[in-house]
Structures are given as C-alpha cells and as structure tokens.
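Biologist: I am new to this structure and would like to learn how to read it. Could you walk me through it, one feature at a time?

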Amino acid sequence: EFKDPDTKKRPASLMIKVVFLVALSWLAVTVVVFSFISLPLAVGRSLYFLFRIDESYIHDPLAFVVGGSLVFPGISQVLTIARLGEGNPTGRFRQWILAFKPPPKQKLFVFGASVL
C-alpha cells in the first residue's frame, strides 16, 4: 500500500501523479484513435483534390478506403524497417536513405507534366 505510516493516508502528491497519469493516458489514446480515423480520410480527400475530382463525386467512405490503402501499409513498412534493423535507429535511417534510388527520367518527366 502507498499510505503514509504516520497518518495512514495516501499522500496528496501521489494522488496528483495518478490523476495526471490517467489524464495523460486518456489524451494519448484519444490522439491515437483520432489519428487512426482521420489520417486516411485526409489522405483520401487530398487525392481527390490532387486528381481534381468534382465535389459531386466525393464520397468519404471511399476516400477513407483509398487513403487507408496508402497510410496503413506505409505505417506497417516503417514499423517493419524499425524492427528489422540492427544497431541504433539513426544508423538504420541513414542506411535506408542511402539505399534510395531515384526513378527513371521518363517517370520523372511524366510526374512533372502531370503536376503542371
């Protein structure tokens, strides 16, 4: 038990720490759930905007599925890379960056033309 032997009561500082821990845990869970729900929707809506789809065709459940098909595998890939690497995270990140190979010039040309 966490009671003071003299007063037989729990110290106020302990109760404040517990309340702070519960509040912080609630906030963390809320942020994770909110991100889990809203990030794929935001990515899907951004793709609607990027592809210039008319607002009459925008459908949020479809935007969630499209965004989720990009976000969730991306998160999974990042977690896999973080788990598989040996050594410190900075070294793994550096190796990952150094392994980057730019796409062929034709793909860059097509991408640049589509952005303009």
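**Reading the model, feature by feature**

Modeller: Let us start with one residue: I81 lies in helix α2. Helices here are DSSP runs (H or I, at least four residues; strands are E, at least two), numbered from the N terminus. This is a predicted model, in which local features need pLDDT of at least 70, side-chain atom pairs count only at pLDDT 80 or more, and totals for chains, interfaces and linings use all residues. Residues are numbered from 1 along each chain as its sequence is written, and side-chain values use heavy atoms, with hydrogens and water left out.

Biologist: Is I81 exposed or buried, or partly exposed?

Modeller: The general idea is relative accessible area: under 20% is buried, over 50% is exposed, and partly exposed is in between (1.4 Å probe, protein chains only). I81 has 31% relative accessibility, so I81 counts as partly exposed.

Biologist: How far apart in space are I81 and A63?

Modeller: Their C-alpha atoms are 27 Å apart, with the two positions 18 residues apart in sequence numbering. Now take L62, which is also placed in helix α2 and is partly exposed at 43% relative accessible area. L62 and G44 are 18 residues apart along the chain as well, yet their C-alpha atoms are separated by 7.8 Å. For V32 in helix α1, exposed at 55%, the partner P61 is 29 residues away in sequence and 20 Å away in space, C-alpha to C-alpha.

Biologist: What span should α1 have, and what are its ends like in the model?

Modeller: The expected span of a helix is 1.5 Å times one less than its number of residues. With 39 residues, α1 should span 57 Å, and its end C-alpha atoms are 55 Å apart, which agrees.

Biologist: Where in α1 does a kink lie?

Modeller: A bend at a residue is the angle between two axes, one fitted to the seven residues ending there and one to the seven starting there. In α1 a kink of about 30° lies at S38, shortly before the proline P40. That proline is also among the buried residues of α1, which are P40, G44, L47 and Y48.

Biologist: What happens just after α1?

Modeller: R52 takes a positive phi of about 55° there, although R52 is not a glycine. R52 is found in the loop between α1 and α2, and at 70% relative accessibility this residue counts as exposed.

Biologist: How many aromatic pairs are there?

Modeller: Rings of Phe, Tyr and Trp (its six-membered ring) pair if their centres lie within 6.5 Å; planes under 30 degrees apart are stacked, over 60 edge-to-face, and the rest tilted. By this rule there is one aromatic pair. F36 and F72 form the pair, which is tilted, with 5.1 Å centre to centre and 35° between the planes. F36 lies in helix α1 (residues 12-50) and F72 in helix α2 (residues 60-84), so the pair ties together parts that are 36 residues apart in sequence. F36 counts as exposed at 51% relative accessibility, whereas F72 is partly exposed at 30%.

Biologist: Which residues line the largest pocket?

Modeller: First, the idea: on a 1 Å grid over the protein atoms alone, a pocket is an open set of points with protein on both sides within 12 Å along at least five of seven lines, a 1.4 Å probe that fits but cannot get out marks a cavity instead, and lining residues have an atom within 4 Å of a point. Points are joined across faces, edges and corners, and a volume is the space filled by probe spheres set on them. The largest pocket holds about 260 Å³ and is lined by F49, L50, F51, R52, F111, S114 and V115. The largest share of this lining, three residues, comes from α4.

Biologist: What lines the second largest pocket?

Modeller: Its lining is Q77, V78, I81, A82, P89, R92, F93 and W96, around a space of about 150 Å³. Both α2 and α3 (89-98) supply at least two residues each.
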